[in-house]
Amino acid sequence: MSLLPRARDKTRGIFLTYQAKGYLQSNDVEQALAVTSESLNLATRIGAPRCVALIRDLAPAFTPYRRVDGVPEFLERLKAC
């Protein structure tokens with residue numbers, strides 16, 4: 001992903017979301033949260049609704065981790081998007 005030019009930020013956002021899904025499947029919630037937050041930041045900055053939709057699709061996977069620092073805030077932020 002580091003090789004993608006800025007013109008491919010939408011692609012980067014999608015890849016980050018896929019990466020976050022993998023982290024969640026590996027029970028690495030903190031890393032999944034960091035990567036998903038990065039993807040959401042990117043998607044909202046560039047106006048990428050497909051990226052935001054992918055993140056929303058991933059949000060239910062965070063529900064079991066509501067007690068992990070940052071997860072409730074992330075889910076609330078996602079509701080506002």
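I began with two rings and noted that phenylalanine 62 and phenylalanine 74 are both buried, where buried means under 20% relative accessible area, exposed means over 50%, and partly exposed lies in between (1.4 Å probe, protein chains only).

Before going on I wrote down that this is a predicted model, in which local features need pLDDT of at least 70 and side-chain atom pairs count only at pLDDT 80 or more, while totals for chains, interfaces and linings use all residues. I also noted that residues are numbered from 1 along each chain as its sequence is written, and that side-chain values use heavy atoms, with hydrogens and water left out.

**Entry: the aromatic pair**

I looked for aromatic pairs and found that the structure holds one; the rule takes rings of Phe, Tyr and Trp (its six-membered ring) with centres within 6.5 Å, and calls planes under 30 degrees apart stacked, over 60 edge-to-face and the rest tilted. The ring centres of phenylalanine 62 and phenylalanine 74 are 5.4 Å apart and the planes stand at 55°, so I entered the pair as tilted. Phenylalanine 62 sits in the loop between α3 and α4 and phenylalanine 74 in helix α4, so the pair ties together parts that are 12 residues apart in sequence. For the element names I kept to DSSP runs numbered from the N terminus, with helices being H or I of at least four residues and strands being E of at least two.

**Entry: valine 29 and serine 37 in helix α2**

I next turned to valine 29, which lies in helix α2 and, at 4% relative accessibility, counts as buried. Leaving aside neighbours within four places in sequence, I listed Phe62, Tyr65, Val68 and Val71 as the contacts of valine 29, contact meaning heavy atoms within 4.5 Å. The C-alpha atoms of valine 29 and phenylalanine 62 are separated by 7.9 Å, although the two residues are 33 apart along the chain.

Serine 37 is also found in helix α2, and, not counting residues up to four places away in sequence, serine 37 touches Phe74 and Arg77. I also looked up serine 37 against arginine 12, 25 residues apart along the chain, and found 13 Å between their C-alpha atoms.

**Entry: helix α1 against helix α3**

I then took the packing of helix α1 (residues 9-25) and helix α3 (residues 49-58), whose axes are 9 Å apart and meet at an angle of about 10°. The axes are lines fitted to C-alpha atoms, for helices over the stretch in contact, and the angles run from 0 to 180 degrees between N-to-C directions. That makes α1 roughly parallel to α3, since angles under 35 degrees count as roughly parallel, over 145 as roughly antiparallel, 65 to 115 as roughly perpendicular and the rest as oblique.

On the α1 side I listed Lys10, Gly13, Ile14, Thr17, Tyr18, Ala20, Lys21 and Leu24, which meet Arg50, Cys51, Leu54, Ile55 and Leu58 in α3. The residues of this contact divide into eight nonpolar, two polar and three charged, with Ala, Val, Leu, Ile, Met, Phe, Trp, Tyr, Cys and Pro counted as nonpolar, Asp, Glu, Lys and Arg as charged, and the others, Gly among them, as polar.

I looked at tyrosine 18 of helix α1 by itself and found that, not counting residues up to four places away in sequence, tyrosine 18 touches Arg50 and Leu54. Tyrosine 18 is partly exposed, with a relative accessible area of 45%. Phenylalanine 15, likewise found in helix α1, counts as partly exposed at 39% relative accessibility.

**Entry: the salt bridge**

I asked which side chains form a salt bridge, and found glutamate 76 and lysine 79, at 3.2 Å from N to O; the rule wants a side-chain nitrogen of Lys or Arg within 4 Å of a carboxyl oxygen of Asp or Glu, and by this rule the count comes to one. The two residues are three apart in helix α4 (residues 71-80), so about one helical turn separates them. Glutamate 76 is partly exposed at 48% relative accessible area, whereas lysine 79 counts as exposed at 60%.

**Entry: asparagine 27**

I closed with asparagine 27, found in the loop between α1 and α2 (29-46), whose phi is near 65°, a positive value in a residue other than glycine. Asparagine 27 is exposed, with a relative accessible area of 55%.
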